[in-house]
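Subject: Structure handover

Hello,

Here is the structure I promised to pass on. Please open it alongside this note; my findings follow below.

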Amino acid sequence: MLHRVNGEILNLGDTLLRLKSTGVFHTKPLPELTRDGSESKLLSSISEGQWVVGEFVDGSGQTLLHVGQPRLHEGTESGYNVQRQAQGAMRDR
């Protein structure tokens, strides 16, 4: 599993370093001290399951959305809708 996580970090790392985080949200059940996905400015709905949603902006003002799963071993597919168009989307896999 660590090999897989390392590969995902390598795939997204360079991109994430150039972005500014504008929000991180979770689906229910909410971990302590986190924000509900319903507070997201971009996300309007997401499939059932546990998800972490990151919102980012790059240097030119383009918005990006990252949907990830906190439990990597589950491998569930996500489905989500956005409230306004994000210029890009990043996925763990």
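Two strands count as paired if DSSP finds at least two bridges between them. By that rule, β3 (residues 52–57) and β4 pair in the antiparallel sense, over 6 bridges. One of the residues to look at is V57: its bridge partner in β4 is T63. Please keep in mind that this is a predicted model.

The overall picture

The chain has 1 helix and 6 strands. Their order along the sequence is α-β-β-β-β-β-β. Of its 93 residues, 32% count as buried. The exposed surface comes to about 6300 Å², and carbon and sulfur atoms supply 52% of it. Take the contacts between residues at least 6 apart in sequence: 53% of them join residues at least 24 apart.

The β3–β4 hairpin

β3 and β4 form a hairpin, with 5 residues between them. G61 sits in the turn and has a positive phi of about 90°.

How much of β4 is buried? The strand spans residues 63–68, and 6 of the 6 are buried, so β4 is largely enclosed by the rest of the structure. Buried here means under 20% relative accessible area. Both faces are covered. T63, L65 and V67 lie on one side. L64, H66 and G68 lie on the other.

The core

Which residues make up the largest nonpolar core? There are 7 in all: F25, L42, L43, W51, V53, L65 and V67. Two of these, L65 and V67, are on one face of β4. In soluble globular proteins, nonpolar side chains tend to be buried together.

F25 is worth a click. Leaving out residues up to four places away in sequence, F25 touches R35, D36, G37, E39, S40, W51, V52, V53 and E55. W51 and V53, both on that contact list, are also members of the core.

The loop at L30

L30 is in the loop between β1 (20–26) and β2 (43–46). Is L30 buried, exposed or partly exposed? Its relative accessibility is 37%, and the partly exposed class runs between 20% and 50%, so L30 counts as partly exposed. Neighbours within four places in sequence aside, L30 is in contact with R35 and D36. R35 and D36 also appear among the contacts of F25. L30 and Q50 are 20 residues apart in sequence; C-alpha to C-alpha, they are 8.6 Å apart in space.

Over to you.

Best wishes

Conventions: Residues numbered from 1 in each chain as written. Predicted model: local features only at pLDDT ≥ 70, side-chain atom pairs only at ≥ 80, totals over all residues. Heavy atoms only, no water. Helix = DSSP H or I, 4+ residues; strand = E, 2+ residues; numbered from the N terminus. Buried < 20%, exposed > 50% of the residue type's maximum accessible area, 1.4 Å probe, protein only. Contact = heavy atoms within 4.5 Å. Core = buried A, V, L, I, M, F, W, Y, C linked by side-chain atoms within 4.5 Å. Areas by Shrake-Rupley, 256 points an atom, 1.4 Å probe, with all protein chains shown as cover.
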